[in-house]
Amino acid sequence: MTVPDFRRAKYNLCTENPFRLTPPAAQANLNVKSNGDNANAASAASEHSPQHKSTQQNYPDPSFSDIFSAFSEAFTQRKAQGLAFLELTNSELMLIKKSFFVTVFACLAASAVGTVCWLILNIAIGAILHSVGVSYVVVPLLLLVFNSVAAFCLFKLAQNSFNYLSFSRLIQTWRRVFG
């Protein structure tokens, strides 16, 4: 039994209604004549002649081992894809972990540096400015400006590392993979 190829079906006008087309099943079946029209049946018979058999599409007949090897190859590829996704997720989690520790360390360092700077440098700068003859009103203002600039620089360092401390990159990666 041959399977009809409906992509190559040619429609012929019916004699009873010129606006109705013959269905592909009537063209595929050699024994059915299209509404008594012998010319159409003859053309359909000539299409299925041995000369026309060479142009028909041959459908593959795979063996069980071919199907099994195709499934095992697909499974191997899917497993490799899953492992690659797990490695990507792991690298994103490692980045989050490192960013967390850098943020904590930067905050602790900023606190320690701020405290030490406030205690040592402010006393030294205040003493130097006073010995130069700067007024008691100007010395604290200059120390306040110096401390503000140092605190701002350390805050920016902590803020830059804090930007990587979110799960948004990991969620974006999961959305790309899972769609």
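Trainee: Which pattern does the chain follow when read along the sequence?

Mentor: Happy to start there. This is a predicted model, in which local features need pLDDT of at least 70, side-chain atom pairs count only at pLDDT 80 or more, and totals for chains, interfaces and linings use all residues. Residues are numbered from 1 along each chain as its sequence is written, and side-chain values use heavy atoms, with hydrogens and water left out. Helices (H or I, at least four residues) and strands (E, at least two) are DSSP runs, numbered from the N terminus; the chain has six helices and zero strands, and its pattern is α-α-α-α-α-α.

Trainee: What percentage of the 179 residues is buried?

Mentor: Buried means under 20% relative accessible area, exposed means over 50%, and partly exposed is in between, with a 1.4 Å probe and protein chains only. By that rule, the buried share of the 179 residues is 14%.

Trainee: Is S99 buried or exposed?

Mentor: S99 sits in helix 4, which covers residues 64-132. Its relative accessibility is 8%, so S99 counts as buried.

Trainee: Which residues is S99 in contact with, leaving aside its neighbours within four places in sequence?

Mentor: Contact means heavy atoms within 4.5 Å. With those neighbours set aside, the partners of S99 are S161, Y164 and L165.

Trainee: Which residues of helix 5 are buried, and which helix is included in what covers them?

Mentor: Helix 5 spans residues 138-162. Its buried residues are V139, L143, A158 and S161. Their cover includes helix 4.

Trainee: How many Å apart are the end C-alpha atoms of helix 5?

Mentor: The expected span of a helix is 1.5 Å times one less than its number of residues. For the 25 residues of helix 5 the expected span is 36 Å, and this agrees with the model because the end C-alpha atoms are 36 Å apart.

Trainee: Which helix gives the largest share of the nonpolar patch?

Mentor: Patches join residues with over 30% relative accessible area and no salt bridge (a side-chain nitrogen of Lys or Arg within 4 Å of a carboxyl oxygen of Asp or Glu); like charges are joined within 9 Å, nonpolar side chains (Val, Leu, Ile, Met, Phe, Trp, Tyr) within 5 Å. Here L93, F167, I171, W174, V177 and F178 make a nonpolar surface patch of about 590 Å². Four residues come from the helix with the largest share, helix 6.

Trainee: Where is F167 placed?

Mentor: F167 counts as partly exposed because its relative accessibility is 49%. Its place is the loop between helix 5 and helix 6.

Methods: Areas by Shrake-Rupley, 256 points an atom, 1.4 Å probe, with all protein chains shown as cover.
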